[in-house]
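Good morning, colleagues. I should like to take a few minutes for one structure and its aromatic contacts.

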Amino acid sequence: GVDVFEQHGFAGGMVGGVVPEYRLPQDVFDRDLKPLRDLGIKIQYGKQAGRDFTLSQLRDDGYDNVAIMVGAQLGKTLGLDNEQCEGVIDALQFLRDSREDQPQELGQRIGIIGAGDTAMDCARVARRLSGAEVSLIYRRTIDQMPADREEITHLLEEGIAVLELLKPQQLVVDDGKLRGLVCRRTEYKGDRDASGRKIPHEIADTDFELPLDTLILAISQHAMLDFFGNEPIAVNDRGYIDVDPVSFETSVPGVYAGGDVANDGPASIVKAAAAGKAIANAILNRDPQTASLVHNTVDIADIQRRKSHREWRVPAPTLPLEDRHGFEEVVLTYSGAQARREAARCLDCDRYCSICVGVCPNLALLTYETEAGNGSACLLYTSPSPRDCNEYLVCRLLLEKGGGGGGGGGGGGG
């Protein structure tokens with residue numbers, strides 16, 4: 001059997017207790033959870049790792065395989081004095097309280113620090129709960145935000161201000177309660193960090209006070225790993241569990257980890273779900289490739305024809321702005337005709353890719369069709385020596401600029 005130990009009184013972790021209902025309605029989540037209940041999976045609520053049990057205890061109790069999917073629950077802070085004052089709130093706690101219909105008093109001037117999807121959620125939820133002035137404070141500019149572009153668009157559509165190029169310096173606190181935030185203006189000087197993002201530099205003598213009643217910190221999260229007991233599980237230099245990239249097994253045999261707690265830390269719900277499937281395959285000693293491998297005949301001429309025409313994405317229908325007062329779902333469902341039109345844009349990259357051939361400005365890459373041992377078509381990419389392409393500088397620049405996605409006159413991809 002399978003047992004799930006859940007800290008909270010609801011299932012689903014971040015999905016079930018943090019993601020706002022305008023993104024994931026409760027009835028949709030319940031529908032997805034029902035098959036797990038029908039399979040007989042037991043969910044033990046109110047069981048917190050490190051408090052009610054340790055990993056060592058689970059193994060002593062006879063659990064041959066253990067999957068750690070606890071997420072990254074500990075919010076990062078600004079490192080400023082008085083962050084424990086009334087009015088400064090952790091993002092995940094704020095979203096969780098909102099989902100449980102226990103929202104905190106926010107006041108009329110609300111600030112959010114952060115630029116990821118969690119920050120977008122906090123700002124939009126705060127606006128819905130309070131109807132007050134909500135501002136997102138960011139040390140860079142909107143174009144550098146890591147949040148999904150669609151989330152940023154919805155944020156701006158709903159009238160939430162983004163205060164760019166501002167870095168928090170000091171909390172203004174009066175009698176234990178937040179009154180404001182001192183910010184310093186920043187600027188770009190042309191340099192970039194290791195990820196390619198522009199580096200903001202502080203501008204001297206530009207500090208000013210931003211009046212606030214509530215400040216929500218949506219910077220990022222750390223993993224809480226206080227439940228290992230005597231198990232020597234390897235952790236990387238970022239503080240997340242180090243796992244095998246295919247099986248997601250940790251340094252301890254039979255112990256797996258996935259989602260925000262593993263490898264690179266917080267990512268997406270989709271990646272966490274994929275990790276769960278990979279862990280299940282590893283536990284069942286099943287090759288994930290064999291279950292889905294289907295050999296289809298590839299009509300290369302048809303695929304090349306479709307790649308030569310750009311087909312723009314079909315915009316998803318959304319709830320009108322005048323109706324976005326509560327938590328009704330914002331991104332709505334395609335009609336049947338819209339869904340078919342959008343699906344037809346697929347470039348079948350799983351069957352025939354060759355995108356690198358289409359974007360190579362030196363025409364240095366070629367695609368060859370060969371006969372594999374099972375009779376299906378497989379594709380082989382070849383390239384000249386590195387010096388012929390200046391040590392592949394062009395390819396590297398294309399990847400850094402995101403140019404690799406427009407292959408062969410590109411249909412746009414799904």
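I shall begin with the chain as a whole, then turn to the aromatic pairs, and end with one helix.

Please bear in mind that this is a predicted model. The chain contains 12 helices and 17 strands, and of its 414 residues, 34% count as buried. Its exposed surface comes to about 23400 Å², with carbon and sulfur atoms supplying 50% of that area.

Now to the rings. The search of the whole structure returns 4 aromatic pairs. One of them joins Phe 5 and Tyr 63 edge-to-face, at 5.9 Å centre to centre and 75 degrees between the planes. Phe 5 belongs to strand 1 and Tyr 63 to the loop between helix 3 and strand 3, so this pair ties together parts that are 58 residues apart in sequence. Phe 5 is partly exposed, at a relative accessible area of 26%. Together with Phe 53, these two residues make up one aromatic cluster, Phe 5, Phe 53 and Tyr 63.

A stacked pair is formed by Tyr 22 and Phe 327, with 6.3 Å between centres and 25 degrees between planes. These two residues lie 305 residues apart, both in loops between helices. Is each partner buried or partly exposed? Tyr 22 is buried, at 1% relative accessibility, whereas Phe 327 is partly exposed, at 31%.

Tyr 22 has a further neighbour: Arg 128 sits over the face of its ring, 4.3 Å from the ring centre. Arg 128 is among the buried residues of helix 5, which spans residues 117-130. The cover over those buried residues includes helix 4, strand 6 and strand 13. After helix 5 comes Gly 131, with a positive phi near 65 degrees.

Definitions and conventions: Residues are numbered from 1 along each chain as its sequence is written. This is a predicted model: local features need pLDDT of at least 70, side-chain atom pairs count only at pLDDT 80 or more; totals for chains, interfaces and linings use all residues. Side-chain values use heavy atoms; hydrogens and water are left out. Helices (H or I, at least four residues) and strands (E, at least two) are DSSP runs, numbered from the N terminus. Buried means under 20% relative accessible area, exposed over 50%, partly exposed in between (1.4 Å probe, protein chains only). Accessible areas come from the Shrake-Rupley method with a 1.4 Å probe; for residues, only the protein chains shown count as cover. The expected span of a helix is 1.5 Å times one less than its number of residues. Contact means heavy atoms within 4.5 Å. Rings of Phe, Tyr and Trp (its six-membered ring) pair if their centres lie within 6.5 Å; planes under 30 degrees apart count as stacked, over 60 as edge-to-face and the rest as tilted. A charge sits over a ring if NZ of Lys or CZ of Arg is within 6 Å of the ring centre and within 35 degrees of the ring normal.
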